[in-house]
Amino acid sequence: MTTTLPAKPAPRRVRSNSTLATALRRLRKHRAAMLSLVVIALLILTAIFARVIAPYDPNAQDLAGIYVPPSAAHLMGQDSLGRDLLSRIIYGSRISLLVGFSVSLFSILLGTTMGVLAGFFGGRTDTLISRFIEIMLSVPELPLQLTLSGLFAVSDAPAIAALRENPNSSVFIIVGIFTFFGWMGTARLVRGEVLKLKNLEYVDAARALGASSARVMARHLVPNLLAIIIVNGTLAIGGAILGEAALSFLGFGIQPPVSTWGNMLSNANEVVLEHPYVAFWPGFAILITVLAFNFLGDGLRDAFDPKSRL
Amino acid sequence: MGTYILRRVLQMIPLLLVISLMIFLLTALQPGDPVDQLTFGNSNITPEDIARLKHAYGLDQPWYVRYFYWLRQAVTGNFGYSQDFNIPALDFVFQQRMPNTLLLTVPALVISTLIAVPLGIFSAIRQYSWMDYVLTFLSFLAFSAPVFWVAAMAMYFFAVFLPTVTAGAVSLPPGGLGSPDLPLDAGFWQTWLDKLHYLLLPLSILMLREIAVTMRFMRANMLEVMTQDFVRTARAKGLTSRVVLYKHALRNAVAPILTLLGLSIPGLFGGAVITETVFSWPGMGRAIFDALVSKDFNVVMVSLMLLALLTVIFQLLTDVAYAYVDPRIRYH
């Protein structure tokens with residue numbers, strides 16, 4: 001006798017109703033943001049496979065090719081040392097994306113921590129953190145970044161000198177500087193949100209059930225900050241890439257031989273009058289990248305905002 | 001209101017003290033000092049001379065001693081001499097450089113606000129129209145592009161490309177404060193016209209980002225106000241769209257712009273560092289950059305302190321102005 005088991009019902013797809021899932025579903029309708037996602041995906045692939053895609057060694061010099069305009073062999077032309085601009089731009093995407101993602105990650109971590117602490121504990125903690133934010137927002141940012149970067153580049157303090165042994169040290173230093181100057185906006189927003197959230201009943205309920213402060217913050221407050229964190233994190237990536245470029249342009253950013261879009265533009269204002277294409281492409285790469293992250297951030301903001309129409 | 005302003009002014013003092021300490025530390029910890037810079041490569045100078053010079057300038061003291069010395073002098077208005085220009089650092093920055101920076105930043109702020117506010121309102125009233133999309137896209141372009149790159153491209157376009165194409169009829173100078181061959185006896189108008197010619201490019205570049213930011217902010221404000229109850233009430237009682245939008249909604253949406261202006265002052269000066277460097281505009285930003293490179297610490301200190309002071313003053317002014325514009329705000 002054979003028994004036929006009842007056919008297994010096909011698993012029904014359940015539409016997740018979490019904030020994140022809803023937002024991502026809404027984001028799909030945002031055309032500019034979706035296009036930006038494609039651009040960002042292509043950029044990440046370029047960065048990962050730079051070695052395969054780049055037609056030349058980005059540091060190979062060609063003395064016969066100094067400032068040779070774009071040609072079939074060198075699609076974007078050659079720079080002051082005859083290096084292939086296209087290859088340098090392809091390799092430069094690695095550093096720009098690395099700087100953008102790490103600064104965003106660290107400044108969001110720092111900003112969220114500070115904001116949650118200030119908003120949740122209030123009192124003296126809040127005063128201390130808020131005053132510090134106020135100071136950080138009143139100092140002239142760019143000159144201080146220049147000073148700090150200059151300090152790290154030449155300081156003879158043993159710890160800093162040891163750090164400089166690493167050829168990529170200027171990348172870490174830049175990430176550190178931008179994190180230090182980049183967390184205040186998120187901290188302020190998070191603080192405001194926590195002030196609102198911490199008086200809601202569900203937080204009281206959690207407390208009544210015996211949850212510790214740490215648990216309330218980690219399990220009940222931070223998940224509700226998701227929208228702020230994701231939107232600001234995305235916008236911070238573009239900001240960091242622009243900041244690195246500005247510092248590198250002034251000669252205080254990431255130092256050669258590491259090639260970045262920013263340091264390809266150092267002295268751009270002197271080169272541009274005679275060799276405009278040398279200055280055009282790195283800046284164009286920055287523009288496209290930052291534009292993509294800004295559009296994505298804007299799309300995410302709309303997607304998380306139940307009031308906005310998509 | 002009087003007590004509020006007084007309290008805010010008193011709060012500025014510790015704020016500025018902490019900022020000055022922070023800036024001093026950052027500059028004082030830099031290796032090398034003005035004496036090193038001065039004596040570098042001079043084979044006639046002995047190490048004893050260098051030590052004596054450093055002692056004379058107090059550069060052999062630890063940083064906190066130097067800070068308190070600097071502070072004691074600074075409160076009496078003595079900010080030391082500029083090593084590079086051999087004049088008091090304050091005179092150099094305040095008299096020679098600040099006017100040039102203000103010439104750049106004040107018109108930039110005023111003109112960009114005048115352009116951005118109407119555009120933002122328009123964008124909000126015609127939300128999701130094609131003009132709104134175009135303005136949105138343009139503003140995203142403006143704050144996604146590296147300023148110095150746009151400046152360099154504009155420089156090429158107006159100083160090389162256009163003059164070549166139009167055979168010199170249309171051209172803007174790539175940098176500087178005025179043409180070097182302007183006759184010494186040039187009249188008032190001629191001098192200012194020449195200056196304006198040189199100002200046009202850096203001013204426009206500095207304004208780009210300002211316009212974009214203010215426009216987006218204005219649009220967001222206007223959209224928010226337009227959904228509020230009092231606007232619906234105004235419509236319900238039969239007022240025309242025109243009156244509702246321009247009288248009721250607009251007045252409430254414009255006030256927050258003041259806060260934005262206050263907040264954008266430091267950013268504007270920061271942006272001026274880059275713009276001034278690109279266009280060799282001899283303002284404060286350029287002075288800070290040059291002084292940092294040549295370790296002219298007195299100039300760095302006095303300019304950064306001036307910027308910080310301007311920032312806190314503008315923040316206070318906008319907060320006070322806000323209370324005047326919006327009677328719902330009361331300070332206590």
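## A two-chain helical model, seen from loop to interface

Asn86(B) sits in the loop that links α4 (63-75) to α5 (89-125) of chain B. The phi of this residue is positive, near 55 degrees, although Asn86(B) is not a glycine. That is worth a pause, because most residues other than glycine have a negative phi. Asn86(B) is exposed, since there are 8 other C-beta atoms within 10 Å, and a residue counts as exposed at 12 or fewer. Please keep in mind that this is a predicted model.

Chain B has another residue of this kind. Ser280(B), in the loop between α10 (241-278) and α11 (284-294) of chain B, takes a positive phi of about 45 degrees, and it is not a glycine either. Ser280(B) has 15 C-beta neighbours inside 10 Å and so counts as partly exposed.

### The two chains

With that start made, let us step back to the chains as a whole. The table sets them side by side.

| Chain | Helices and strands | Residues | Buried | Box of the C-alpha atoms |
|---|---|---|---|---|
| Chain A | 15 helices, 0 strands | 310 residues | 44% | roughly 75 × 70 × 40 Å |
| Chain B | 12 helices, 0 strands | 332 residues | 37% | roughly 90 × 65 × 40 Å |

Both boxes are taken along the principal axes. Reading chain B from the N terminus, you meet one α element after another: α-α-α-α-α-α-α-α-α-α-α-α.

How do contacts spread along the sequence? In chain A, 72% of the contacts between residues at least 6 apart join residues at least 24 apart. In chain B, residues 24 or more positions apart account for 73% of the contacts with a separation of 6 or more.

### Three helices of chain A

Three helices of chain A show how burial can vary. Start with α8(A), residues 169-182, which has 14 residues. From its first C-alpha to its last, α8(A) reaches 20 Å, close to the 20 Å expected at 1.5 Å a residue. Because 10 of its 14 residues are buried, α8(A) is largely enclosed by the rest of the structure. Among the buried ones are Ile173(A), Ile174(A), Ile177(A), Phe178(A) and Phe181(A); Ser170(A), Thr179(A) and Gly182(A) are buried too. What do the buried residues of α8(A) pack against? Their partners are α4 (85-121), α6 and α12 of chain A.

One of those partners, α12(A), has 24 residues and spans 34 Å between its end C-alpha atoms, close to the 34 Å expected at 1.5 Å a residue. This helix is mostly covered, with 21 of its 24 residues buried. After α12(A) comes Gly251(A), whose phi is positive, near 90 degrees.

Now for a contrasting case: is α10(A), residues 201-208, mostly covered or hardly covered? It is hardly covered, and the count of buried residues among its 8 residues is 0. Just after α10(A), Gly210(A) has a positive phi of about 95 degrees.

### Where the chains meet

Next comes the contact between the chains. Chain A gives 38 residues to it and chain B gives 39 residues. On the side of chain A that touches chain B, α5 (123-138), α6 (141-154), α12 (226-249), α14 (268-271) and α15 (276-304) each supply at least two residues. By class, that side of chain A divides into 27 nonpolar, 8 polar and 3 charged residues.

A helix pair across the chains lets us look more closely. Two packed helices are described by the angle between their axes and the distance between the axes. For α15(A) and α7(B), residues 147-165, the axes come within 10 Å and cross at roughly 145 degrees. Their crossing is left-handed. Chain A contributes Pro276(A), Ala279(A), Phe280(A), Gly283(A) and Ile286(A) from α15(A), while Trp149(B), Ala152(B), Met153(B) and Tyr156(B) come from α7(B). Sorted by class, this contact has 8 nonpolar, 1 polar and no charged residues.

Ala152(B) deserves a second look. Apart from neighbours within four places in sequence, Ala152(B) is in contact with Ala268(A), Asn269(A), Val272(A) and Ala279(A) of chain A, and with Val278(B) of chain B. The largest nonpolar core has 153 residues, and the members that touch the most others are Phe148(B), Trp149(B), Ala151(B) and Ala152(B). Trp149(B) and Ala152(B) also belong to the contact of α15(A) with α7(B).

How values were computed. Residues are numbered from 1 along each chain as its sequence is written. Chains are lettered from A and ligands numbered from 1 in the order in which they are written. This is a predicted model: local features need pLDDT of at least 70, side-chain atom pairs count only at pLDDT 80 or more; totals for chains, interfaces and linings use all residues. Two residues are in contact if their C-beta atoms, placed from the backbone, lie within 7 Å. Helices (H or I, at least four residues) and strands (E, at least two) are DSSP runs, numbered from the N terminus. Ala, Val, Leu, Ile, Met, Phe, Trp, Tyr, Cys and Pro count as nonpolar, Asp, Glu, Lys and Arg as charged, and the others, Gly among them, as polar. A nonpolar core is a set of buried Ala, Val, Leu, Ile, Met, Phe, Trp, Tyr and Cys residues joined through C-beta atoms within 7 Å. A residue is buried if 20 or more other C-beta atoms lie within 10 Å of its own, exposed if 12 or fewer, and partly exposed in between; C-beta atoms are placed from the backbone. The expected span of a helix is 1.5 Å times one less than its number of residues. Axes are lines fitted to C-alpha atoms, for helices over the stretch in contact, and angles run from 0 to 180 degrees between N-to-C directions. A crossing is left-handed if the near helix is turned anticlockwise from the far one by less than a right angle, and right-handed if clockwise.
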